[in-house]
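Please open the structure in your viewer and keep the selection tool at hand. The stops below say what to select next and what is there.

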Amino acid sequence: MIAVVDYGVGNLFSLKSSLASIGAEAVVSGDEKVIRNADKILLPGVGAFEDAARKLRECGLDKVICDEAKKGKPVLGICLGMQMLFEKSFEYGEHKGLGLIKGEVRPIAEVIGEGLKIPHIGWNALSFPKNKEKNEIFKYLNEGDFVYFVHSYYGANCEDSVIATSEYGANLTAAVASGNVYGCQFHPEKSGEVGLKILKAFCEL
Amino acid sequence: MVTKRIIPCLDVKDGRVVKGTNFMGLVDVSSPVKLAEYYSKNGADELVFYDITASSEGRKLFTEILCEVASKIFIPLTVGGGINTVEDFDRVLKCGADKVSVNSGAIRNPGLVEEAAKRYGDQCVVLSVDVKRVDGVFRVFAKGGRENTGMEALEWIKRCVGNGAGEIVVNSIDTDGVKKGFDLEMLDAVCNIVDVPVIASGGAGCMEDFVTLFNSVKGVDAGLAASIFHYSEVEIPALKKYLVENNINMRI
């Protein structure tokens, strides 16, 4: 059973549907017990970092996710959910994250150079780092497969955990992993067949 | 680098796709769900659903169809038509829409874009604008292109982007239905004043029109069309292959 963490941020309809379409048993819940009893945790998120991090804390779910992650349970953060796995974010100020992945969240404007639109929105190709084995959540993917992004901030100073990048004026962090904790900056639930293959691989961990 | 996008637009009335009646290879050619599945499997980068129903029963049916589409199709979905309030945003977002397109609703209530952008984020709010030249000036038209609002289109677009519109669909009334190509001059003018994605609509008649669009107006991010895709005059997989051969970055 996968628990999709519901903490009042964003729209979980597509995520729930995409998990159903690959035959995964999933429950959307903000209940501590349900999340603790699940085999895997999926942390979604859209909107602003500060607001989302506060809501997660107010539900008391930040501790639950950290506890379960430290016990070895697979956790996958999506988009803002991925950004919250980091130690901190510099989106409108400085805000504390869950600290499950070393690094921080910074504006893409700092690295992509001029002439490119912000947010980075649309389909972009994934590249896997040459010096690492392809991560198991990408086991069904090929280099250059396209996924769908919508973001203005990115995971920075996290070289050790980067498992995929996408080129947009710079090699932006597209996905990270540190042990049993995974994050995708893009939306697998909006990335067609490629996205479903990633969710499938996560379910099979 | 992020790819250019090809977007089929489905006009839905009373639960059926309008203009979908000549679609090749499908038995039920006007089913929104079947058409959406077909496009999703055949290279569409995104889908736009336009609710052109006027009745509240029709609206309810549209919402149900949207839920069904969103539970089967996992590419971005934009929904427009009949969006007048933030509650309308809520209604379609809950059914799995990713972006909501406003047109007349924003003209009637200029606060709508800002209110929706604050609640759902800029990336969620698409401004769709019907533009026509009147005495050499780009003017905004309302009510499906029938009524001249008198507003200057570039100013209107700039103002809405300032209020949080995250994407602009430019429908040129002058080129719409003519099938002689997109309105390059109008699109260039829009791309020069905004830094959010611009989607070109109106005028596509053949594959070459898309090559010309992306090569001539570098700021354009996507090409949208309806009937040429529905009638298979242009097949999206062949179109995208042709664009790649012409050095335009596409998701294949």
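Begin with the largest nonpolar core of this predicted model, which has 80 residues, and select Val100(B), Ile168(B) and Val170(B), the residues with the most contacts inside that core. Keep Ile168(B) highlighted and, leaving aside its neighbours within four places in sequence, add its contacts Leu127(B), Val129(B), Ile157(B), Val190(B), Val194(B), Val196(B), Val198(B) and Ile199(B). A second core, separate from this one and made up of 69 residues, can be found by selecting Val75(A), Ile101(A), Val105(A) and Ile121(A), which are among its members.

Next, turn to the contact of the two chains, to which chain A gives 24 residues and chain B gives 23 residues. On the side of chain A that touches chain B, the elements to select are helix 1 (13-21), strand 8 (120-125), strand 9 (146-151) and helix 6 (192-203) of chain A, each of which gives two or more residues. Which of these elements gives the largest share of that side? It is strand 8 of chain A, with 5 residues. If you colour this side of chain A by class, you will find 10 nonpolar, 10 polar and 4 charged residues.

Stay with chain A and select helix 1, where Ser14(A), Leu15(A), Lys16(A), Ser18(A) and Leu19(A) are buried. The buried residues of this helix pack against strand 1 (2-5), strand 2 (26-29) and helix 6 of chain A, and also against helix 2 (56-70) of chain B. Just after helix 1 of chain A, look for Gly23(A), which takes a positive phi of about 80°.

Two helix pairs in chain B come next. Select helix 1 (residues 32-41) and helix 2 of chain B, whose axes come within 9 Å and cross at roughly 30°; the two helices are therefore roughly parallel to each other. Their crossing is right-handed, and the contact is made by Pro32(B), Val33(B) and Ala36(B) of helix 1 of chain B with Ile65(B), Glu68(B) and Val69(B) of helix 2 of chain B. By class, this contact has 5 nonpolar, no polar and 1 charged residues.

For the other pair, select helix 3 (residues 86-93) and helix 5 (residues 112-120) of chain B, where the axes come within 9 Å and cross at roughly 45°, so that these helices are oblique to each other. This crossing, too, is right-handed, and the residues to show are Val86(B), Phe89(B) and Leu93(B) of helix 3 of chain B together with Glu115(B), Ala116(B), Arg119(B) and Tyr120(B) of helix 5 of chain B. The residues of this contact divide into 5 nonpolar, no polar and 2 charged.

Finish with some details of the backbone. In chain A, select Ile118(A) and Pro119(A), which are joined by a cis peptide bond with omega near 5°; Pro119(A) has its place in the loop between strand 7 (101-107) and strand 8 of chain A. Then move to Tyr92(A), a residue other than glycine with a positive phi near 50°, in the loop between strand 5 (86-89) and strand 6 (95-96) of chain A. Is Tyr92(A) buried or exposed? Tyr92(A) is exposed, with 12 other C-beta atoms within 10 Å. In chain B, select Asp135(B), whose phi is also positive and near 50°, in the loop between strand 6 (125-134) and strand 7 (137-142) of chain B. Asp135(B) counts as exposed, with 5 C-beta neighbours inside 10 Å.

Terms used. Residues numbered from 1 in each chain as written. Chains lettered and ligands numbered in written order. Predicted model: local features only at pLDDT ≥ 70, side-chain atom pairs only at ≥ 80, totals over all residues. Core = buried A, V, L, I, M, F, W, Y, C linked by C-beta atoms within 7 Å. Buried ≥ 20, exposed ≤ 12 C-beta atoms within 10 Å, placed from the backbone. Contact = placed C-beta atoms within 7 Å. Helix = DSSP H or I, 4+ residues; strand = E, 2+ residues; numbered from the N terminus. Nonpolar A, V, L, I, M, F, W, Y, C, P; charged D, E, K, R; others polar. Axes fitted to C-alpha atoms, helices over the stretch in contact; angles between N-to-C directions. Parallel < 35°, antiparallel > 145°, perpendicular 65-115°, else oblique. Left-handed = near helix turned anticlockwise from the far one by under 90°.
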